[in-house]
Number of protein chains: 2
Amino acid sequence: MTTERSTESLRDLARHAVRDEVLRHAWVLFASQGFDATTIDQVAEAAGMSRRTFFRYFSGKDELIIEKLVEAGELVAAALAERPADESPWAALRAAFGVVVRSAETHAEQARTLRILLRDEPGVRGSLEEWRRRWTELLAPIVAARLAPAGRRAKRPDVRADVRAEALAGSALACLDAAQTVWADHPRSSLSALLDEAMGAILPLDR
Amino acid sequence: MTTERSTESLRDLARHAVRDEVLRHAWVLFASQGFDATTIDQVAEAAGMSRRTFFRYFSGKDELIIEKLVEAGELVAAALAERPADESPWAALRAAFGVVVRSAETHAEQARTLRILLRDEPGVRGSLEEWRRRWTELLAPIVAARLAPAGRRAKRPDVRADVRAEALAGSALACLDAAQTVWADHPRSSLSALLDEAMGAILPLDR
DNA sequence: CCATGTGTGGCACTGAGTGCCAATGATGGC
DNA sequence: GCCATCATTGGCACTCAGTGCCACACATGG
């Protein structure tokens, strides 16, 4: 094949477009029927493809959830990486979460629907755990860099430093999770304020 | 039915015994083949029962995992409830985790096997999330009681206080998780030290 | 000896996920 | 325009998880 890059990205483009379309239909069904009650045949038919083809675009039903959850991960990681170096890791994490908070508050309806789905449907628990892992994997190294004394980093793999970074990232995510969960079923609450409350309960957020 | 209490507990006794036996066989299979590769038919056959009967003792494959994970939850909750009131919530949580740390270190082999299973097998992620929830549900109210100014508690449901407690419990669990994960694949490490490292990275552990 | 309740197994079904294969359709070379 | 090629697609059949239904076995109590 002489077609190299250009075709490659054309394929990806088409693939992405199809995936988005499938996702759109899937979430309409999820919102009306719930996740567990929605079959892949329904999703495939709504998207106008065969069951078999669906599985060529998505590895499984889970991925319809994961996609949404992981999306914002890179944004948060990027935001975290760009926080000023003199900021405490905790405050930097809080600030980095700003992008998901804003996103959730602007699309409050969908965000709440998603959150409630995540709370009530047993079938998505695996996806939630998966989300936690991927975000931790993404954030922990950036936190680690921030914890290192800025002098010599990347020496030998330092287990103790890794645990610290992972603990920090994991705790922050736990706070985000708690805030979002409570926010989901209190329509008049502010997610931003709840997240401040949650993270502030662990460590002071100034500096 | 004239048979009341005595038969009731006899039933439970038998049921428990059967469950334990099934669990024993299941974990032998998990350890040798992994979780996802083990079918329920295999477990049922090993335990000497039909597939159909298996589902009368366990709601699903997940429950074979959950059982092990949730077991220690009540112990931790009890330990937490009995920590001195002048101890900080964080230090109290660290101390309460002592029971799982000791248990893990005395049965190091099995604990490591379990941990690695939880890390690598996609099929158990839902169970891990389930574990997180149950422990959070268990611990958060006790933490909440500890956070309340000891004067008037149980006023009106206080959302902000709930978020704080849940954030604290969730963060502590994230630390425990991080410590256990790292511990699992560093055979010469001390789980207790790792947990101190993790939780100490968030908040000081004295007091 | 009979009625009842409980545990058990078999059978058939739905739904997720996978491997295999044949048909279709777009593209590039001639 | 025509043919070779390659990727996408859909159909089919299979495994495995999980559930509902029904029939059989067994114990107990009257």
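Okay, let's start at the DNA. Around strand D there are 17 residues, and the closest are A:S50, A:T53, B:T39, B:G60 and B:K61. So you can see that both chains turn up in that list. Keep in mind, please, that what we're looking at is a predicted model.

Which elements supply that surface near strand D? From chain A we have α3, residues 51-57, and from chain B we have α2 (40-47), α3 (51-57) and α4 (61-71), each giving at least two residues. The most comes from α3(A), with three residues. By class, the surface near strand D has four nonpolar, six polar and seven charged residues.

Now flip over to DNA strand C. Here 18 residues sit around the strand, and the nearest are A:T39, A:G60, A:K61, B:S50 and B:T53. The elements giving two or more residues are α2 (40-47), α3 and α4 (61-71) of chain A, together with α3 of chain B. For strand C, α3(B) has the largest share, three residues. The class split near strand C is four nonpolar, seven polar and seven charged.

Right, let's step back to chain A as a whole. How many helices and strands does chain A have? Eleven helices and zero strands, and reading from the N terminus you just go α after α to the end. The C-alpha trace of chain A spans about 55 × 55 × 30 Å along its principal axes.

How confident is the predictor? For chain A the mean pLDDT is 92, and 92% of the residues reach 70 or more. The exception I'd point at is residues 1-7 of chain A, where the pLDDT is below 50, and that stretch has zero contacts in the model beyond near neighbours in sequence. As a general reminder, where pLDDT is low, the predicted coordinates should not be read in detail.

Next, the place where the two chains meet. 31 residues of chain A are in contact with 31 residues of chain B. On the chain A side, the elements giving two or more residues are α9, α10 (159-184) and α11 (191-202). The most comes from α10(A), with 17 residues. That side of chain A has 17 nonpolar, five polar and nine charged residues.

Since α9 came up, let's stay with α9 of chain A for a moment. What span should its 23 residues, 125-147, have? At 1.5 Å a residue you'd expect 33 Å, and the end C-alpha atoms are 32 Å apart, so the two agree. There is a kink in α9(A), though: about 25° at A:L139, shortly before the proline A:P141.

Last stop, a helix pair inside chain B. In general, two packed helices are described by the angle between their axes and the distance between the axes. For α7 (98-106) and α11 (191-202) of chain B, the axes come within 9 Å and cross at roughly 145°. Which residues meet there? On the α7(B) side B:V101, B:A104 and B:E105, and on the α11(B) side B:L191, B:S192 and B:L195. The residues of that contact divide into four nonpolar, one polar and one charged.

That's my tour, thanks.

Key:
Residues are numbered from 1 along each chain as its sequence is written. Chains are lettered from A and ligands numbered from 1 in the order in which they are written. This is a predicted model: local features need pLDDT of at least 70, side-chain atom pairs count only at pLDDT 80 or more; totals for chains, interfaces and linings use all residues. Helices (H or I, at least four residues) and strands (E, at least two) are DSSP runs, numbered from the N terminus. The expected span of a helix is 1.5 Å times one less than its number of residues. The bend at a residue is the angle between axes fitted to the seven residues ending there and the seven starting there. A residue is near a molecule or strand if its C-beta atom, placed from the backbone, lies within 6 Å of it. Ala, Val, Leu, Ile, Met, Phe, Trp, Tyr, Cys and Pro count as nonpolar, Asp, Glu, Lys and Arg as charged, and the others, Gly among them, as polar. Two residues are in contact if their C-beta atoms, placed from the backbone, lie within 7 Å. Axes are lines fitted to C-alpha atoms, for helices over the stretch in contact, and angles run from 0 to 180 degrees between N-to-C directions. pLDDT is the predictor's confidence in each residue, from 0 to 100.
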